[in-house]
Structures are given as structure tokens and as C-alpha cells.
Amino acid sequence: MKITIDNKEIIVLEGETILEAARRNGIEIPSMCYAEGKRHRAGCMVCTVKERKSGRMLTSCSTKPTEGMEIDTSSEEVIRQRTMALELLLSDHRADCEAPCTMVCTHKLDVEQMLAAYDAGDYAQAQAIIRRDFGDKIACDDCKAPCEKACRRGTVDKAVAIRDIIREVAAMKVEMVEPAASIAKLGKEIFFSRVGIFNQKEKDYLRQTTTTPSRCLHCACEGREACRLRRYSTDYGIKRSRYGLSSKLPVKLRIDVSERLGFEPAKCIRCGLCVYNTENGFTFLRRGFDMQVIIPEQNMANAYDELAEICPTGALFIKK
Ligand code: SF4
Ligand code: SF4
Ligand code: SF4
């Protein structure tokens, strides 16, 4: 069967969807709730295309083409629909892509990564990060500490004493090691999701549950490098959600599914990929706007690490 995609003639193979035929021919169509070779159901609308003859908008991940279709993947109308679909997903996505402290450090110290090493008791690694980003001189001595002003913990009770911890770590007698490969630093043009303002219930929850030595909330998203929501939001020039934040999901609740696999429900866009691709694993709870994806404790053994790769956001991630 022959169709055209963006005026290019394409031969469609038996059983292929529009999205699969396009990708096989090097035409990129974004998708959130589709993963190659996995069970999925169309729902996110991010893969929308237009059939020119009929004027219909179609979800390309679930539509099997018919002879002679003329598919448009890149007109302004299509881009507008996809942008709206992304903004809708973001309106329910209370999460920080990057830690606020790291983003404002005048000397580009990866504050969150350093604090993660500190909280894990890996002082050699914490010191290596400080050395890598500061060189021989502790830059905090001449700095007004925008990191402490931007610290999210400060909106809960009191900011993390970042400068004191840096000085403490820098003065430690520890083995010299190389910093582990750091997550790439990103420019200002990259999309940043923001968690918004914590409500009183969330503040109480965070005060009681964040008991790490530094008191840091570890705001940076562990799945941010591979996150498709972030990548597409960047590609489509989205600065922030037009719809505002409205998620009822518990902010910063991180669940240990297994030794390696973590789950952060507030970052879940309810695409269902983890539900359809585990037997007695993840499942939907409730319907409609209140629907959530959960994993009952007795099902956790049926989850597997590869789910972190098919999850389109950082909701499922491999713990560092
Ligand atoms: S809570 Fe931790 S990661 Fe978040 S802004 Fe404060 S120091 Fe940075
Ligand atoms: S899941 Fe993606 S969009 Fe959400 S905080 Fe993580 S990196 Fe950002
Ligand atoms: S946790 Fe599951 S349902 Fe939620 S975004 Fe990831 S794969 Fe989709």
C-alpha cells in the first residue's frame, strides 16, 4: 500500500501504523504513550497528524493507513494540536526537572549532586564534585549564596545550609577520587518543569519524611536525561504550562519498587505503558480526572528495570 507523508511517497508494510511507517522512513513523529514493540493505547494525542483529503486529525500511533492517504506531520495546525496536548500533560505534572540550587549557583556547582553524595555518606565523591566545579578555591567565601535563597526546603521550613556543608566536605581528609559522570549541564533554552508552591499538607509531609543528613529534598529529576516530555516541550518551545498546575498527586513521594527501580507518582502522565506491559504489576486506580497509576506492594516483584526505559517521563527511573 502507498501513502504520502509530507508529500513523500511511502510504502506501508503489513500491519504498520502511520507512526511506524513514518519512523521507518526517517520521518520523526513525537509520541508519549507509544513505545516500540510494547503494548500501548493511544491517549496522549502528542502523535497527532492530519489526513489532508478528509481533513481529519488522527492519532498516528494507533491508525492503520488506507491506500492513497496524504498525511501531514508538520503544518502549523498539527504543531498547534501537539503543543496543546503537551501543555495538558504538563498541567498535571508537578515536578522539578532541575534542582533550583544548582540552576542558580554562580560558579556552576552541581549542588544537588554534591548533596546526594553527602547524604549517601560518600564524602570522597562529594569532595570530588566540589573540586571539579570550584577548582582549588571554595567559591562560597565571596558569594551571597543564591543557592540557599532558591532552596525549595526553605519554603518548607529552613533552607539547607549549603555553604556550611560545602565547607565541611572540603575540609575532610578523604581519598581523592574522580567525580562520577555528571548529568549534562543544560542551557537556558531547555524546558524546565517547576513544582510550584507546596501546600500546607505537603510541607508537613516533607518535614516529617525528609530525614537525610543535609535535609535536602533532592529536587532534581532522576529521569530528566531520557525524559521525552521534557525533550518535546523543548522542541515545541513550551516555556510553562498555559493551564497552570493542578495535580492532586503527592509531591516528591518516591517509592522503591525494587532495589534499582524507583517510582515518583507525581511525574506520571498516566500513559499506561507500565500497566499494559506488566502482568499483575502496575495498575490504574479510579477513573476520569482522579485516575492514578499505582503498584500494590504485593505486585512489586513483577516490575522490571526496563520499565524505566519505556516510561516517557522520569516517573519510573533507575536509582543512582
Ligand atoms: S532542597 Fe536540596 S536540591 Fe532542593 S533546592 Fe534545596 S539544596 Fe537544592
Ligand atoms: S519527568 Fe521530565 S518533565 Fe518531569 S521533571 Fe522529570 S525531566 Fe522534567
Ligand atoms: S509510570 Fe507508567 S503510566 Fe506513568 S508515565 Fe510512566 S509508564 Fe506511563
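Start with ligand 2: 14 residues surround it, and A95, C97, C221, C227 and G314 are the closest of them. This is a predicted model, with a protein chain of 320 residues, 38% of them buried. Two other ligands have shells of their own, with 15 residues around ligand 1 and 14 around ligand 3. Below is a quick tour, from the ligand shells to the sheets and one well-covered helix.

**Ligand shells**

- Sorted by class, the surroundings of ligand 2 come out as 5 nonpolar, 5 polar and 4 charged residues.
- Over at ligand 1, the closest residues are A99, C101, C151, C216 and C219. Two elements, α3 (100–104) and α4 (111–119), each give two or more residues to this shell.
- Which element gives the largest share of the shell around ligand 1? That would be α4, with 3 residues.
- The class count around ligand 1 is 11 nonpolar, 1 polar and 3 charged.
- For ligand 3, look for C268, C271, C274, C311 and A315, which are the closest residues of its shell. Here the split is 11 nonpolar, 2 polar and 1 charged.

**The chain as a whole**

- You'll find 11 helices and 10 strands in the protein chain.
- The C-alpha trace spans about 70 × 40 × 35 Å along its principal axes.
- There are two assigned domains: domain 1 covers 2–90, and domain 2 covers 96–220. Their centres, taken over C-alpha atoms, are separated by 41 Å.
- If you count contacts with a separation of 6 or more, 68% of them link residues 24 or more positions apart.

**The five-stranded sheet**

- One open sheet has 5 strands in the order β2-β1-β5-β3-β4, and its pairing is mixed.
- Why do β2 and β4 (56–59) each have one side without a neighbour in the sheet? They stand at the edges with a single partner strand each, so nothing in the sheet flanks the other side.
- On average, neighbouring strands here are turned by 35 degrees against each other, direction ignored.
- Helix α2 (residues 76–90) packs on this sheet and touches β3 (48–51), β4 and β5. The direction of α2 makes about 150 degrees with that of β3.

**A closer look at β1**

- Strand β1 (residues 2–5) is two-faced: I3 and I5 are on the covered face, while K2 and T4 are on the uncovered one.
- How does β1 run relative to β2 (residues 8–11), parallel or antiparallel? The two are antiparallel, joined by 4 bridges.
- Across that pairing, I3 stands opposite I10, and T4 stands opposite E9.
- The two strands make a hairpin, with 2 residues between β1 and β2. In the turn, D6 has a positive phi of about 50 degrees.
- With β5 (residues 70–72), β1 runs parallel, and 2 bridges join them. T4 turns up again here, standing opposite E70 in β5.

**Helix α4**

- Back to the helix from the ligand 1 shell: is α4 mostly covered or uncovered? Mostly covered, with 8 of its 9 residues buried.
- The buried ones are V111, E112, Q113, M114, L115, A116, A117 and Y118.
- What do these buried residues of α4 pack against? Their partners are α3, α5 (123–134), α6 (146–150) and α7 (162–170).
- Just after α4 comes G121, which takes a positive phi of about 75 degrees.

**The three-stranded sheet**

- A further open sheet has 3 strands in the order β6-β7-β10, with antiparallel pairing.
- At its edges are β6 (255–256) and β10 (316–318), each pairing on one side only.
- Strand β6 is joined to β7 (residues 261–263) by 2 bridges, and the two run antiparallel. In this pairing, D256 stands opposite G262 of β7.
- As background for both sheets, strands pair through backbone hydrogen bonds, in either parallel or antiparallel fashion.

Key
Residues are numbered from 1 along each chain as its sequence is written. Chains are lettered from A and ligands numbered from 1 in the order in which they are written. This is a predicted model: local features need pLDDT of at least 70, side-chain atom pairs count only at pLDDT 80 or more; totals for chains, interfaces and linings use all residues. A residue is near a molecule or strand if its C-beta atom, placed from the backbone, lies within 6 Å of it. Ala, Val, Leu, Ile, Met, Phe, Trp, Tyr, Cys and Pro count as nonpolar, Asp, Glu, Lys and Arg as charged, and the others, Gly among them, as polar. A residue is buried if 20 or more other C-beta atoms lie within 10 Å of its own, exposed if 12 or fewer, and partly exposed in between; C-beta atoms are placed from the backbone. Two strands pair if DSSP finds at least two bridges between them. Domain bounds come from an automatic or database domain assignment. Two residues are in contact if their C-beta atoms, placed from the backbone, lie within 7 Å. Axes are lines fitted to C-alpha atoms, for helices over the stretch in contact, and angles run from 0 to 180 degrees between N-to-C directions.
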